[in-house]
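Colleague: Walk me through this model, please. I will ask about surface, core, rings and charges.

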Amino acid sequence: MKPLCVLVLLVGVSTAAAAAVRSTPPSPATGVATLTPDAADEGKSRFAMLDDVRLLANGLLQLGQSLREFVHKTKAQINDIFNKLNIFDRSFYQLSVVTSEIKEEEEELKKTTTFLKVNHEEIRNLSLEINSKVDSILQERSQLQSKVGGLEERLQGLSQSIIPAEQLQDITALRDVIDSQERTITDLLRAVREQNEQLNYQKSKIKSLEDKLNFETFQETSEKPTHSDADAPSVLQYLTDTTTNSSTNTTGADLPADCNEIFNQGQKNSGVYAIKPNQSKPFNVFCEMSSDGGAVVIQRREDGSVDFDQTWEKYEKGFGNLQHEFWLGLEKIYAIGRQGEYVMHIQLEDWREETRFVEYLFTLDGPATDYTLHLTHLRGNLPDAMSNHTGMRFSTKDRDNNSHNDSNCARNYTGGWWFNACGDTNLNGRYLWLKSRGRSLRRKGIYWKPGRGSSYTLKSTKISIMPAAQHH
């Protein structure tokens, strides 16, 4: 409205200016208008009016530009309204399509409901027929049972009339004898199996003794001292170092052969002691004392403080700290185990803090056979996962002795062990904090895999050996 009023005002001023110009008469002599004093004033007013006209023209231009912008803005708004109307139309069309589909589905549901009602009636009728047939079958069954009972009574009467009572007693006694003989045969077969297992064990012992005969024995470099007991070397003399590589220059002639001898000497506290197995140099071990006696701990894992991915030389000599995590060493384990029959006790703890154990009759061959392992399962509440490792040679990442020809299990799954096949049980694998979700990573950790059932990833392990004669 305001632009329209300004336009009207400008038109009026312009008309007045034009009229003033036309009202000035021309000069009679020259025919040209002359400027009298009044005319000069009038000329000035004309110039002022021209300035006003110029201003009005500029105002009109600005007004026209504003009107054009207004028109463009109005067009944009109208286009936006049309777009929204188009969107509304499409939405309305889609809604109508969905509505029609819903109506069609509703019609199909009505048809399905009608069909189900008809089927329900048929099923109910069939159910009634089946119930009636079942009732008739039950009646026939009761009749047959009564007939069978009568036939059994008749048959029993006939058998008693044909076979004397004494013969029946003889037949019963003969049946008991046959049953007794079957039980005896079963016991004999069980005894034969046990004898076979014992023969296999004796065979392994004979093989171990042959290895002992072939093994180069250690020679002592000095005579046994003839001094009093006060001068004899003490068990605690060798405890200056708790590492598995500790050694001494003393012959240790009076040292015990294993932890069980230390227990029998009166030492009841678990800890590090020095021992000297037959034909071996003295070395330190961790003895675990219990009511059954003393056991030598040969391996312990508890916190991952020691790297068990070591070379053959390390596994042969031993590594770690006897008070914490360590591997005693194949040479030392062999020196202890060759003294007689030993029982291996394996104790495992999973991440739910549940502790289980398993025990095996244990023998270990010498270095000539890469410390071949022989186990016979005895007892325990842990599923057996080591019996299939019996007869396996020890393997490390730099000496592959496993039965898997296409792969080095110790390199792929870390740690030295008596591998049968890659991914099998390995208590010297990488220590993994908490239970790993990845199967490939879990197989590289401390792992217990029975032949059947679930596998176990472990928080801590402990392997110990003690004489079988002291084990209960």
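Colleague: Which residues make the nonpolar surface patch of about 370 Å²?

Modeller: Bear in mind that this is a predicted model. One member of the patch, I81, has its place in helix α2 (residues 37–162). The patch of about 370 Å² is made by I78, I81, F82 and L85.

Colleague: Which strand gives the largest share of the largest nonpolar core?

Modeller: That core has 55 residues. W327, L328, I346, F362, W418, L427 and W448 touch the most other members. The largest share, 5 residues, comes from strand β2 (residues 283–290).

Colleague: What does F362 touch, not counting residues up to four places away in sequence?

Modeller: F362 is among the core residues that touch the most other members. With those sequence neighbours left out, its contacts are I333, Y342, V343, M344, L373, H374, L375 and I465.

Colleague: How is the aromatic pair of F88 and F92 classed?

Modeller: The whole structure holds 13 aromatic pairs. In this one, the centres are 6.5 Å apart and the planes meet at 25°. Planes under 30 degrees apart count as one class, so the pair of F88 and F92 is stacked.

Colleague: Are F88 and F92 buried or exposed?

Modeller: Both lie in helix α2, 4 residues apart, about one turn of the helix. F88 and F92 are both exposed.

Colleague: And W351 with Y431: how many residues apart are they?

Modeller: The rings pair edge-to-face, 6.4 Å centre to centre with 70° between the planes. W351 is in the loop between β6 (342–350) and β7 (355–364). Y431 is in the loop between α7 (409–413) and α8 (439–443). The pair links distant parts of the chain, 80 residues apart.

Colleague: Why does Y431 count as buried?

Modeller: Buried means under 20% relative accessible area. W351 counts as partly exposed because its relative accessibility is 22%. Y431 counts as buried because its value is 11%.

Colleague: How many residues apart in sequence are the parts that K462 and E288 tie together?

Modeller: Their side chains meet in a salt bridge at 2.3 Å, N to O. K462 lies in strand β10 (residues 456–467) and E288 in strand β2, so the parts tied together are separated in sequence by 174 residues.

Colleague: Which residues do salt bridges that share partners join into one network with D370?

Modeller: D370 forms a salt bridge with R399, the closest N and O atoms being 3.3 Å apart. D370 lies in the loop between β7 and β8 (373–380), and R399 in the loop between β8 and α7. The network joins D370 with R393 and R399.

Technical notes. Residues are numbered from 1 along each chain as its sequence is written. Side-chain values use heavy atoms; hydrogens and water are left out. Patches are made of residues with over 30% relative accessible area and no salt bridge: like charges are joined within 9 Å, nonpolar side chains (Val, Leu, Ile, Met, Phe, Trp, Tyr) within 5 Å. Accessible areas come from the Shrake-Rupley method with a 1.4 Å probe; for residues, only the protein chains shown count as cover. A salt bridge is a side-chain nitrogen of Lys or Arg within 4 Å of a carboxyl oxygen of Asp or Glu. Helices (H or I, at least four residues) and strands (E, at least two) are DSSP runs, numbered from the N terminus. A nonpolar core is a set of buried Ala, Val, Leu, Ile, Met, Phe, Trp, Tyr and Cys residues joined through side-chain atoms within 4.5 Å. Buried means under 20% relative accessible area, exposed over 50%, partly exposed in between (1.4 Å probe, protein chains only). Contact means heavy atoms within 4.5 Å. Rings of Phe, Tyr and Trp (its six-membered ring) pair if their centres lie within 6.5 Å; planes under 30 degrees apart count as stacked, over 60 as edge-to-face and the rest as tilted.
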